[in-house]
Structure formats: C-alpha cells, structure tokens
Amino acid sequence: MGDYAVVGKRVPRIDAVPKVTGKATYAGDLVLPGMLHGKLLRSPYAHAEIVHIDTRRAEKLPGVRAVITGKDFPGRNIGFMKKYSDRPPLALGKVRYVGEAVAAVAAEDEDTAEQALELISVEYKELPAVLTAEEAMREGAILVNEGKSRNIAAETKFLFGDVEKAFQESDYVREETFRTQRISIGFIEPHAVLASVDASGKVTFQGSKQSPYITMRHLAYGLDIPLNKIRMINPYIGGAFSGKHDAHDLDFAAVMLSQKTGRPVRIVVSQSEIIGSYRQRHSKEMWLKLGVKKDGTLVAADCRVIAEGGAYLGVGPLNIYLIGVFLNLPYRLPNIRYEAYRVYTNKPICGAVRGQSIVVCRYGFESLLDMVAGDIGVDRVDIRLKNAIRNGDRTANGMQVDTSGLTECIERVAEKVGWEESRKKKTPYRGIGFACGSLPSGSRLGGHFGALASVNILEDGTAVLHHGGTELGQGIDTIMAQMVAEVLGLRAEDVQVGIEDSDMVTLDPGMFADRATFWTGNAVKAAAEDARRQLAEVAAEALQVPVEELEFRDRQVCVRNNPEKSLAFLSVLRGAMYGLGMPIIGRGTWAARDIELPDFSTGIGNFAHGYEFIAQAVEVEVDPETGRVKVLRAVLSDDAGQPINPMLLDGQQEGGFVFTKGQALYEECIFDERGQQVNYSFMDYKMPGVMEAPEFENIHVITNDPYGPFGAKGAGEASGIPALGAIANAVHDATGVRIKELPITPEKILEGLRVQKGGK
Amino acid sequence: MSVILNLRRLPEFTYLAPKTLSEASNLLQKYQGKAKLLAGGTDLLVRMKERWVVPEYVISLNKIGDLDYIRHDEKEGLRLGALATHQTVANSSLIKEKYRLLAEACGKIAHPQVRNRGTVGGNLCNACPSADTAPPLLALEAQLKLVSSNGEKLVPLSEFMSGPFTTILKEGEILTEIQVPDLPPRAAGKYLWLSKITEIDETLVGAAVLMTVSSDGICQQVRIGLGSVDQTPIRAAKAEALLQGHKVSPKLINEAARQAAGETKPRSRPEYRREMTEVLVRRSLTQVVKELD
C-alpha cells in the first residue's frame, strides 16, 4: 500500500458533467449527413423454415433505399471461437427463436422503414419448437441446429482430487437441487449503431458496444472484409453488463445497408425487442452435494449443471466452465467433481451476464452451505471463516491466490450487520444472510489478449490518454486518468481521455471478467511511466542528478531527499519540447503472459491473476401475510486490492448488488407455449429501480496485489456475485423458508410458510 | 408480425385541439369511431404505439381550459376537473385532508413524470381494471359528469366501466368532472395496495376503504372499493353489509375482509390476489378504525 496523491482518492468522474446534464451523445444521438434509418424484421416463430422472402413490395415503397436478408451476407457463421460458430448475421434458411432477425431495411425516415417491414412477405413453414432443456435432451428430440447431432451444444466434466474417498471421509453430506431462471440483461441505453461506408469501402462503426474488438472481428469475418477497412469509434455507452460484446444482427445489418446504399445507416432497437429477443442469462438446474467435517471444514463437492441457453451457443462453453471453476473459490475445497451441459432450445440466445454464471454457482453453493451449517450446528459466519481462502493458497484446480482479504471481509460484514447481537434477540420475520464470491481480474480468451495505451503530454503540461478499453459507465476513463496523474505527479484534472478509436490504438480484447482496472490499468501505468522516463532524462540533465533520484509530484520534478532542488513539470516539458524538439509520448503494453488459457475440457489451470473476493451481508424483512421481501440493509465488502477510486468502487458494489437483487426477487423471462416471451417490456419485465435500493454500507479491505497496477484488482463484475445467496439465506433466516428456485416470489414464501404451519 | 415489434412509432393521425367543449363534442360526433380524446396521453399514446388503437383523429382537450380544477364546498362536496393531474390531486392539501384515500391512490401511480401528465379523468376513461383512482372514488361514491351536444348527465362511477378498457361513454360524450359528496364527520378513509412486482409498478390489488364510526364504535357507514381483482374495479358490497350497523371488532373486520376476498374474480394469480384482498381490506379497515378511535 503506497502513499498516493491521486490514486485511492474519491475523484469525481471525468464524464459526470456531460452525463448528468444530458449532453453526452450516445450512438442513437449521432447524425451524419444523408443518414438513413434502419429497422429489422423479426421472426414470429420459435422454429420455422424460411421458404421464401419476397422483398419487392418493400423495395418499391417511396423512401426505401435498401432491403437485405440473410442471403446478402457471405454465408459465414459467427461465434466466440471458430469451432463454436453457429450464428448467421441474419437468419438463413431457418429461424430458431422468436425475434430472430430475418430481414432489414434502410429508409429515409423511421416511419417509412417501419412501414416497409410490413411489406416484406416471409413464407414460413412452422416446425415444432424445443423450449426446455428437458425436451431438448430427450432421445430423438427435434434438433434446433440441424447441422449438429444433438441439442447438447457443449458439455464438460472436471475432476479435482479424490471425490469418492472424500465423501466417505466426510462427517456430514447433503445434496440439493437449485433452479435459476432466465433473466434479460436490461441496460438503459438500447442497442444502437451508426455505420457509414466511404467510397473506398472503409467502414466507420460507432455503436453501443462493450467490447468493440469482439464486434470488429465478427464484422470483419462475417462480412469478409479486412480489419483495416473497419474503424470502431466508441461514443458514450449507457451500460452493457455483458449484453453488448458481440456483433448483433443490427450491427451487421447497419454495415451491410450502408455498403448497399453508400449512405450512413443508423439503427436503434427498442427496449421491448431487447428484453424479448437479445441476450439473456441461461436458465439453470444445479444439483450440488457437499461433504464436510463436523466442525464445518469443507471436504468435497459434487455438482451437475444443465444450462438451457437458446438457439445459438454464444459463449456457452465458457459459461459452464466458470461454474465448475468457481466451485474452487472462495473457499478451500480439495476435492471437486463437476459435469455440465449447455443445451440448445428455440429461445433467445443466452450468454454472459454481469457476474457470469458464477452468480448462479454461488447461489446454490452459499444456500447449501447455510443448510449444512444449520444441520451440523455450526455458526454461518464461522463456517465461512473456517473455509475462507487465504494468501498463497492454491486451489484444487490450480488457481494461484496471491492475496486474499476474504477473512477480513467476512469478519467486517458480520460485525457491521450486527450478527452476534441479532442471534441474542431475534426480531420475528427479520433475517440476516451472508454469502461470498470471487472473480478473476481479467482472463485470456483465444486471440489477442494484451492491453495497449499511450499518453501524449501537451505543451501546457496537460496530458491526453488513449487506451484500448471501453468506458461503458463503469468508470474506466476516470481511474485510468488517475493512474496517469499519479505516475506523472499531475492532478487528476490535468489528464483527459481521448476518444476510443481502433485507428489510433489497438483495442483491448474486451471488457469482461473485471479486466479493465488490472490489464488496461497496467498498460496505462506503463505508458505514463514511459513518458515520465523521457521527461526524467531531460530533468536529470538540467538538475545534474541521476535519473533514479527524481520524483514527480504536485506538478514538480524534484530530487528525492532534497526538495529544494526541483523544477516545475512544465519547465521540464518545455525544455524537452521547445529546447530539444522532443514531443513526449509514452507508450505501454501489458499482458499476464504467465497465466493459462481456460481449459474448457479439464477446468485445470491458473487462468488469471488478481482473484478478487467479496463478502456480503443483507438484512431483510418479510411480511408473513403478503410474502413480500424488503431488503433493509446490504453490507457490501470487497477485496479489490488497492482501490483506485473508492467512490466509484462504492458505486460498483451497490450497482452489482441491486442488479443481482433483480434476479433474486423480481425478474424472470416468461415464455408462452409457442416460445414467445410474454413479458417483453419494462411494463411487465421488472428490474429493480431506485426504490428497490436498500440502505448500503460499503467496506473495502485493502490488499496489495503483486501484479495489479498500484496493487489494485478488479471489482465491478464481482460485486453482484454473492447477492442471490445472501438474499436467499436472509429470507430463510427471517422465515425458515428455503427457496431453491428463483425468483423468490411472495407466493413461494407464503406457500413455504403454509407448509411450515402444516407441520411438514 | 411478431408481437415483439408491437411497441412502434406513433401511427399517422390528424391532431385537433378545439377551444371549447362543444367544439370538442362536435368533432367527436363528426369523426365517430375514428377519433380518440387526448388528456394526459399516458395511456393513449402507448396504446397507439402498440397499435391497440389507431385513431385517424386525436382530439386534445388541453386547449379548452379550466378542466383541471379542484374545488370543494360543504354543500356540493368535491368537484374535480377531469384534467386534474394525479400529481396535483396527490399534492392538494384539501384532498389530503378530507379525501386522503384519493390522494394516496394518485400519489401511488407510476412516477412523477407520468403523474404530472396523467389525469384522473383519463385514468377512469381508460378503464383499466387496475386503475388506481377507481377504488377510492368508488368508496367515495363519485358521480361522473358526461357532456355531449345533447347536454349533460351524471353517472355513478360504479356504472361507468363496463369491462376491461371499456366504458359506457357514447359517441360524442366527454367526461368533464368528477363529483364527490361531502363527507360526514367521523369519516375516515384509506387506500392500500400491493404492486405486481416492484415498487413503481401496476397495482396487483388495491383496496380503498371509507368508514364512519359512531363514538360508541358502531359502523354507521362503510364502503369498500377494490381494484385489479375483477373485470372492472368493484365495490365489495357483501363485506360492507357485514359491517354496516354493527359494532366494529377485530373479529368482524376479519370476517368482512374474508368476505371481500370472496367477492373478487381475479383472472391471473387468482389465489394470491384473493388472499391479498383479504389482507389489504383487513389492514385498511383496521387502520381507519384506529384513526377514528
């Protein structure tokens, strides 16, 4: 832990003013001369053959400039890895879920584009739809993807340690099955894109994308154009939560329509289209068995997961991999067996959602841990402390934990929530629940995985940073500017962050797995250090001291231990720029080259650095007559290493908790018997709003990660991971009712209370 | 066409903004079946985007003026202009003091942006089974003033809604005023609700209670309005009869609440809605009795 001037401080967000004043421009606000408006025609069937599409009437409508279908594309399927590529840019030959895009139009205005959609006639031959994992896995089931031999799109089996023996040696064993529902992602800014193609064929893509690198690769491959013919520019982005990684139908359609018309094309889809037909979280069935010693020490886990994930694979293999891997953290567990299946159905595509499938893994695990603790009479805090992973631990599958503040996190949330006192005097229908979780600070996927940044020092002593990360609202630009200011001895406001543009910087592989602070941060820090080195050489010459003796602080370059001897940062800079004709640009790259690619087939390997730890305690009140749950307080703690900006970290903790609270209590995508989602608008699909945010207490346990910039780890994605378990455990503590199938609805609680009264 | 696309841009229509009521009524008559009245627009515009309704003419009432008043005197009782917004009603010190159940219902509706546009008249004419203004206005025995080129008439709210999203309004008729009689002394009311899922959400069950209790604890008058438990908001008449003229006790309140639940015919989540009707009626009666004690 260092003594920092800017890092670790509650610096206001760089983008606060444009955002809160409504001046920030998002993709849907952008306008280019001659711009056309695009719309997508969607499938009304969950499963059907496309016999014929007649676009002639639409094309003849005045104002329509182009109509495209799946046939206009080069016929290449998209996926997160080559071997998992199963999704065409627009439906081709068949539709596999309600809402799959089958055609797109570009017109002079939105009304004309909408009208044109009605004039496209699509002849479908409806096929029986497969809507549940159970149906999909049945022998002889209808195939969702007829090119495959079955509907199990991916499966995996892990084995760490000797599970059979460990269960035999356990003092107590219990198994349970947990079920979690499909949820939609729900960001406030809808999917939107403005694509323009110039006369040379170069595409400029300004979209609401979380990981523009992933989208760029998809576009290049799916449209068969070289990468240098695509320029990705990020406007402001209004949240993503893993729903905006890959190139969606609208992204492909906007580019193709622009290619066809030679005019810019903007497409903004509606929230109802998004809720009902874009990325969702898998519905899962998780069977889990835990073996413990009588003092609560965890000995073995056996787990089987079936993940129902819709018509295309998305990042399915990664989704099921992560559940198995995160049985290893955040508790010591030497023997683990795991098997999982990711299943195709005729429903919208599932993929990553904030916290990944780890959220679901922790729900089952933390629930069962509480049940086991209750059965063997061990305190629920003690059982977590006893098993908490510690500094230097290596997990059963080989993950290396360098630093863990988990024990302190658990102790502090228990104290803050008043656990001990609550046991002495229990208020009826009030309860406290705990849960913990972990996430890596970024990982590798296939393809390029390094981070790049450059810092340009301007002649007035201010700096502009370019990095390959993406500001989605999580605050990356602010904390990167803080890191630059810290290294160069500048103030936070001296550093601006330039536009994220693939023509100027190599884009990061993507904003996933809490990567930005750690990976992008290390590259940014290296870039600032490179600039500092260049300036230090000039200053050392002027001050006649060795470079190593120089310190950069408070806009000064001073000699360590001799503060009298110093130069203003600006005069050093001008010495370089005006005296020596030497512009100062620092460049930095970073990658964890000593970690392993995730092995989807074995689950073995240390696939990340900077494992983060989270412990949460929530207090709920349940109305025994209405079954309503009110979360009164959430005590949120994390070990995010050295927080770069505690204020933004507080925001991440709270946002992550509320996000996951939605899955715990409110959200569920409900489908009718034909595979149409029935609650597809915010009128019926309810996410938590500000009224659902409880009182918060924020705790940051500071550790010093050996690899992270300034000792930092990631935190934002991890922040929501324990909430399902914590809320379910608190509801149980309040009522004695154990809910094993989400969401926790009032009806389920009342039913549980009835069963209880019946003496069952 | 897929249902998913059905929240679209507004369809084309002709916008008319008459300056007088008679002009508005004439336009309605003239464009029979092709026109819709616009008050706050919080329901109509959504319905148009959904293509539930595609009117050729939208006739705004907003240029007529003086349709958003809140007036009260002891003789006439409360007079609410149909265009009074939910927020004005919720904020009105007069209504908060004398007709608190109505202020509570209006303050519950959606969020401030919608409350600032949405009107009490519009809420009733939209005739959604879960319309929050209806249960308290039923309990208050509101009368609605309907104006047409043939003149005016008064209709009790209890006869106004004929089914989900349908009313007895005839072509050319405009709801202009909601009339609520003055309350006797020792009357108190309460509106309690549960939303469907989250706090800012459609009402799952709404229960409005208005009761007069004599100093010796006899229920002199009671009215119970329920929302979202049948095709239209309803009165729980049998539950009222159980209480009327009897000494109020927790046991009697329980019986009445159970009776009220038995008078409901909810379509979705029926068991839960029925159970919650009982809970809410019991709670609102109990609170009112406590207040009058």
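Colleague: Which residue with a positive phi follows helix 5 of chain B?
Modeller: First, the ground rules: this is a predicted model, where local features need pLDDT of at least 70, side-chain atom pairs count only at pLDDT 80 or more, and totals for chains, interfaces and linings use all residues, while side-chain values use heavy atoms, with hydrogens and water left out. Residues are numbered from 1 along each chain as its sequence is written, and chains are lettered from A and ligands numbered from 1 in the order in which they are written. Helices (DSSP runs of H or I, at least four residues) and strands (runs of E, at least two) are numbered from the N terminus. Just after helix 5, phi is positive, near 40°, at B:A110.

Colleague: And how many of the 9 residues in helix 5 of chain B are buried?
Modeller: Buried means under 20% relative accessible area, exposed over 50%, and partly exposed in between (1.4 Å probe, protein chains only). B:L101 and B:L102 are among the buried ones, and so are B:E104 and B:K108. Helix 5, residues 100-108, is mostly covered, and the buried count is 7.

Colleague: Over in chain A, which strands stand at the edges of the open sheet?
Modeller: That sheet has 3 strands in the order 4-2-6, with antiparallel pairing. Each edge strand has a single partner, so one side of it is left without a neighbour in the sheet; these are strand 4 (94-95) and strand 6 (121-126).

Colleague: What is the bridge partner of A:A48 in strand 6 of chain A?
Modeller: Strands count as paired if DSSP finds at least two bridges between them. Strand 2 (residues 48-54) of chain A runs antiparallel to strand 6, joined by 6 bridges. For A:A48, the partner in strand 6 is A:E126.

Colleague: What is the omega of the cis peptide bond from A:L329 to A:P330?
Modeller: Most peptide bonds are trans. A:P330 lies in the loop between helix 9 (316-325) and strand 17 (335-343) of chain A. The cis bond leading into A:P330 has omega near 5°.

Colleague: Is A:Q356 buried or exposed?
Modeller: A:Q356 sits in the loop between strand 17 and helix 10 (358-376) of chain A. Its phi is positive, about 50°, although it is not a glycine. With a relative accessible area of 9%, A:Q356 is buried.

Colleague: What relative accessible area does A:R555 have?
Modeller: A:R555 also has a positive phi, near 60°, without being a glycine. Its loop runs between strand 22 (550-553) and strand 23 (556-559) of chain A. A:R555 is partly exposed, at 31%.
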